[in-house]
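Subject: Structure handover

Hello,

Here is the structure I promised to pass on. Please open it and keep it beside this email while you read.

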Amino acid sequence: MTEERTDGEPTDGTESHDPDFPPAFLSFMRQGWRDTTLPVGPRPEVPNYAKRRAALSAAFPGETLVIPTGGEKVRANDTEYRFRPGSDFAYLTGDHDPDSVLVLRPTGSGHDATLYMRPRSSRENDEFFRSRHGELWVGRRHTLSEKSTELGLPTADLTELDAALAELAPARTRVLRGFDTRVDAAVRPWDGPREEGQPARDRELAIAISEQKLVKDEWEIAQLQEAVDATVRGFEDVARALPADRGVSERLLEGIFALRARHDGNDVGYGSIVGAGEHATILHWVHNHGATRPGELLLMDMGVEGRHLYTADVTRVLPVNGRFSPLQRQVYDVVYASQQAGIDFIKPGVTFKDVHLTCMRVLAEGLADLGLLPVSVDEAMDENSMVYRRWTLHGFGHMLGIDVHDCSNARKEMYRDGTLGEGYVLTVEPGLYFQPEDELVPEELRGIGIRIEDDVLVTTSGAVNLSAGLPRRANEVETWLAEQREAGPRLPG
């Protein structure tokens, strides 16, 4: 990798481990390059992005909206993480390149959109072989016209952004802040109250985008289904490589799923949770440095992020030796009953909170049957008690889409305190977790963690389980696991 100065201009193109460039070499490098064009055409989903921009613009008439995607993030020293575009920016443009900025300017009939981007390296200077953004280092970038054709958006060179931002009136501009420090500094926040660390006006922009994302259109639902289907294949891959009679590392299983995610999609949608044995009781176990053991359970919470960045989020619990013990099955059946009750309850018009309470009551009843509740089920469910939640800390689920926790900036009255609508996609994922050091549960329960999670679409007739390709009932899980093992390992393809 090469370096750049902080002003964005190339340095001499060398790092401590690079050779120097003599003048003869520089002159030679500037000669003899054939021009090429990318065979791009309008992407079929372009109208979807245009509708989203129009809907967002309509919410803020007469105002300019600035939505950056963000840049690469340092992993260590001079290396970066693989870039993943900002979700709101990608939702409105479909563009996946770093550093780009969408500007929506008001017009008499609505808004004009301009995508500011870093275009293809010119052969008239040394950027194409000396800059860290250069074509010989990172590959062919789109020209402005190529990107415009592909995305159906007017484009402008990123070098023109500073001047464009300098012309904006803060009182009539809203910025999606926290993604691009240059943009944040260029547009002064308009004086007013701050909400969650942001100026209220800019916070309203983030809210509007999140609430717009609550309802998925047909194309988005298709993207989610593709991600879920790839996730099903990933779980199958893992099951086929999971021995019944010996232990393997959690990281081996994580890596097998990651192979599927990179092959069939963009990446994993979040850090995979692969919890063997007592690690299953740690809700966000992402270290994955343990190992499976026959006789114990394996909890895997994993999701493929598709090529358009929509992600699945699925959890399954497998008995490593192929069969649940009677006690493991008893706990598993409680969680399954809770999840099924929530799925059955979901339909347009029901409240998010009531889905939660429906799932939680079944869990509380199951805990009572296990002899763990110190009070009655009704007392445990009372909002002034909730002692049942010692063994189930999280809610029943969350919205799902281009983020694994989608619509996170939506107002409480539209999300957690709101009602479900047709086109919503959410997870249903109740769980029970008995920590290994919990002295309020019998020893035989300690170290058991079970969560079952599926991705459901809200329709006029109720919930459609997008991840129904993976079995959920205990006996069906055992049968499925045996079938996968009999089929044997496979490579994606």
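Is Cys 359 buried or exposed? Cys 359 is buried, with a relative accessible area of 0%. Before going on, please note that this is a predicted model.

**Cysteines**

Stay with Cys 359 for a moment. Its closest cysteine sulfur is in Cys 407, and the two sulfurs are 19 Å apart. A disulfide needs the sulfur atoms within 2.5 Å, so 19 Å is too far for a bond. Seen from Cys 407, the closest cysteine sulfur is the one in Cys 359, again at 19 Å. Cys 407 is buried too, with a relative accessible area of 1%. The count of disulfides comes to zero. As a reminder, a disulfide is a covalent bond between the sulfur atoms of two cysteines.

**A three-stranded sheet**

Next, find the open sheet of three strands. The order is β15-β18-β19, and the pairing is antiparallel. Which strands stand at the edges? They are β15 (425-428) and β19 (462-465). Each has a single partner strand, so one side of each is left without a neighbour in the sheet. From one strand to the next, the twist averages 40°. In general, strands of a sheet pair through backbone hydrogen bonds, either parallel or antiparallel.

Now look at β18 and β19. Strand β18 covers residues 454-459 and pairs with β19 over four bridges, in the antiparallel sense. Two residues lie between β18 and β19, and the two strands form a hairpin. You can trace individual partners. Val 458 has Ala 463 in β19 as its bridge partner. Leu 457 has Val 464 in β19.

**Aromatic rings**

How many aromatic pairs are there? The count comes to eleven. One of them joins Phe 128 and Phe 129. This pair is edge-to-face, with 5.0 Å centre to centre and 75° between the planes. Both Phe 128 and Phe 129 are buried.

Another pair is Phe 352 with Phe 396. Their rings are tilted: the centres are 4.7 Å apart and the planes meet at 50°. This pair links distant parts of the chain, 44 residues apart. Phe 352 is in helix α13 (residues 352-369), while Phe 396 is in the loop between α14 (377-381) and β15. Both Phe 352 and Phe 396 are buried.

Go back to Phe 128 and Phe 129. They belong to one aromatic cluster with Phe 21, Phe 25 and Trp 33. Arg 123 meets two rings of this cluster. Its charged end sits over the ring of Trp 33, 5.3 Å from the centre. The charged end of Arg 123 also sits over the ring of Phe 128, 4.4 Å from the centre.

**Helix α9**

Helix α9 runs over residues 200-212. Does its length agree or disagree with what a helix of 13 residues should span? At 1.5 Å a residue, α9 should span 18 Å. Its end C-alpha atoms are 18 Å apart, which agrees.

Twelve of the 13 residues of α9 are buried, so the helix is largely enclosed by the rest of the structure. The buried residues include the charged Arg 201, Asp 202, Arg 203 and Glu 211.**Three loop residues**

Two asparagines have a positive phi although neither is a glycine. For Asn 77, phi is about 55°. For Asn 288, phi is about 50°. Asn 77 is in the loop between β2 (74-76) and β3 (79-80). Asn 288 is in the loop between β11 (273-276) and β12 (297-302).

Which of the two labels, buried or exposed, fits Asn 77? Asn 77 is exposed, with a relative accessible area of 73%. Asn 288 counts as buried, at 0% relative accessibility.

Finally, find Thr 311 in the loop between β13 (304-305) and β14 (314-319). Thr 311 counts as buried, at 1% relative accessibility. Thr 311 and Asn 266 are 45 residues apart in sequence. In space, their C-alpha atoms are 9.5 Å apart.

Best wishes

Notes. Residues are numbered from 1 along each chain as its sequence is written. This is a predicted model: local features need pLDDT of at least 70, side-chain atom pairs count only at pLDDT 80 or more; totals for chains, interfaces and linings use all residues. Side-chain values use heavy atoms; hydrogens and water are left out. Two strands pair if DSSP finds at least two bridges between them. Axes are lines fitted to C-alpha atoms, for helices over the stretch in contact, and angles run from 0 to 180 degrees between N-to-C directions. Buried means under 20% relative accessible area, exposed over 50%, partly exposed in between (1.4 Å probe, protein chains only). Rings of Phe, Tyr and Trp (its six-membered ring) pair if their centres lie within 6.5 Å; planes under 30 degrees apart count as stacked, over 60 as edge-to-face and the rest as tilted. A charge sits over a ring if NZ of Lys or CZ of Arg is within 6 Å of the ring centre and within 35 degrees of the ring normal. The expected span of a helix is 1.5 Å times one less than its number of residues.
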